[in-house]
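Hi,

Here is the structure I promised to pass on. Have a look at it first, and my notes on what turned up follow straight after.

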Amino acid sequence: MIVRAIEYIGSYIKGPVEMIGQIIMLFFSTLRVMLIPPFDVRIILKQMLEVGVRSLPVVLITAVFTGMVLALQSYTGFKRFGAEGLVGTIVALSMTRELGPVLTALIVTGRAGAAMAAELGTMRVTEQIDALETLATNPVKYLVVPRFLSGTVMLPFLTVISDIVGIIGGYIVTVTILGASSTTYMRTTWDYLEMQDIYAGLIKACFFGASMALICCHKGFYTKGGAEGVGKATTGAVVLSFMTILISDYFLSVWLFK
Amino acid sequence: MIELIDLHKSFGKLQVLKGVDLKIEAGESVVVIGGSGSGKSVLLKHIIGLLRPDKGSVMVDGLDIAEIDKKHLSDVRKKFGMLFQSAALFDSMPVWENVGFGLRRHTHLSDQEIKDISTQKLKMVGLVGINDIMPSELSGGMRKRVGLARAIAMEPEILLYDEPTTGLDPIMADAINDLIIDMREKLNVTSISITHDMASAYKIADRIAMLYNGVIIGTGTPEEIKNTSDPFIKQFITGSASGPITLEGTQYENRA
């Protein structure tokens, strides 16, 4: 009875534990091969273009509207007890600490992360990853390292832009639509925003970028079974990345803002 | 010289290779025949180190590639060229970059030099003027030829062919057979092919080995195989559904 129960539980946790192990091993082998020449600068730049530059329009639109709605809601809410002057602070702190990094990471996962899983998954099922190995090329170095680096490096850049654009969005709504004072918005933004808020947001962005890239590459790398497998890998990559980003966000916040 | 010694491989509870022994001399062309799911692809993947055996050795020029680390495996792989069943061309890059992939990774040649070599290798497989075309625009036969050009670009000593004629029309299949013979004569390579296409096997092989139930059940020259008295081999080469070979084990192939 007890053995059966353990077996039953084991059959459920074996898969996730194995996957976490594989992702951690992929992380370490990525770090290891990253330092060995040749350095694929051209491929890394191409990935940075894909992850960073091509995600920019969506990130901009999301950030500006997030800043706008944040300002709108907090202005009407705060007005009830006469604290509408703090809207600038609310927008700035929310964007830099939370919404900038988290929303950017979710968008990049949906756009570039899904593409990573689908591309690597297709390469796996069409034997292109095997072909890389037969051409004496380490697939982790050739495929994972550029994606890992571009995720880790580009996410903070996109987050900075998202922070700025979100604050501008908040300004537009507060000052030009709701008619509040421009000076108050600017002053409450700068007075209460600390460099640590921005740094912590960027550390989060780095972590999200790295984990998103690793998870999506892992899912692609271990794809099995044709077109359906590629579909499952892509969905799995996005879902797992989203969960990782949102769960780790809480723990990173506890650690970074204690 | 390549020697497989007592090669065992299982996927989960499924035993695919149960003690394969096979010796391939330098310059020889060996064809491994066997039914779908008999473990032919698994066998081929062991020779180039894409899979590691559970037990046994894969000796390539005296080195056991089942034992060596990744760095040395990568060096050994430079001796090999492999043509995949589906050609496995990199669909994100044009033909010349596919053919020159190994050169770009392992030499300091300029793009123009790589392009020139690519043109020359493509010419060897009968293709002209397709350097800048993307793989998705090529027909099945052309993809195989480009795959072959990529396999020979680094001037390997050993060429592996994974079902080289599968999925091609008979004329294109024969043209690929001619190319395989051609490669051997011009480049003096050792060839190992796996196939279930007997016409192809008879044409390209110096020696044919049959894989059945996880072991090599017989080897011989094409002539010897044609005249074999072994009921298993006889059934396979004549393509008869009735005989000692059962159709069990068809699930192996997906696991490879």
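Let's begin with helix α1(B), which lies across β3 (29–33), β6, β7, β8 (190–195) and β9 (207–212) of chain B. The helix runs at about 155° to β8(B). Before you read on, please keep in mind that this is a predicted model.

The sheet behind that contact is an open one with six strands, in the order β6-β7-β8-β3-β9-β10 (chain B), and its pairing is mixed. Its edges are β6 (80–83) and β10 (215–220) of chain B, each of which pairs on one side only. Going from one strand to the next, the twist averages 20°. If you want to look at one edge in detail, β6(B) pairs with strand β7 (residues 158–162) of chain B in the parallel sense, over four bridges. Within that stretch, B:Met82 sits opposite B:Leu160 in β7(B).

Chain B also has an open sheet of four strands, ordered β2-β1-β4-β5, where the pairing is antiparallel. Here β2 (14–24) and β5 (63–64) of chain B are at the edges with a single partner strand each, so one side of each has no neighbour in the sheet. Helix α1 (residues 40–47) of chain B turns up again here: it packs on this sheet and touches β1 (2–11), β2 and β4 of chain B. Its direction makes about 125° with that of β1(B).

Some pairing details from the four-strand sheet:

- β1(B) and β4(B) are antiparallel and share five bridges, with B:Ile5 opposite B:Ser57 in β4(B).
- Strand β4 (residues 55–60) of chain B is joined to β5(B) by two bridges, again antiparallel. B:Val60 has B:Leu63 as its bridge partner, and B:Met59 stands opposite B:Asp64.
- β4(B) and β5(B) make a hairpin with two residues between them. One to click on is B:Asp61 in the turn, which has a positive phi of about 50°.

Next, a helix pair. How do α5 and α6 of chain B pack? Helix α5 (residues 111–124) of chain B meets helix α6 (residues 140–152) of chain B at an angle of about 125°, and their axes are 9 Å apart. That makes α5(B) and α6(B) oblique to each other, and their crossing is right-handed. On the α5(B) side the contact is made by B:Lys121, B:Leu122 and B:Met124, and on the α6(B) side by B:Val146, B:Ala149 and B:Ile152. By type, the residues of this contact are five nonpolar, no polar and one charged.

Last, the interface between the chains. How much area do chain A and chain B bury between them? About 1,800 Å², with 51% of it on carbon and sulfur atoms. The contact involves 17 residues from chain A and 23 residues from chain B. Over on chain A, A:Glu127, A:Thr134 and A:Leu135 supply 32% of the area that chain A buries against chain B, more than any other three residues.

That's what I have for now. Shout if anything is unclear.

Cheers

Definitions and conventions:
Residues numbered from 1 in each chain as written. Chains lettered and ligands numbered in written order. Predicted model: local features only at pLDDT ≥ 70, side-chain atom pairs only at ≥ 80, totals over all residues. Heavy atoms only, no water. Pairing = 2+ DSSP bridges. Contact = heavy atoms within 4.5 Å. Axes fitted to C-alpha atoms, helices over the stretch in contact; angles between N-to-C directions. Parallel < 35°, antiparallel > 145°, perpendicular 65-115°, else oblique. Left-handed = near helix turned anticlockwise from the far one by under 90°. Nonpolar A, V, L, I, M, F, W, Y, C, P; charged D, E, K, R; others polar. Buried area = accessible area lost by both parts, 1.4 Å probe.
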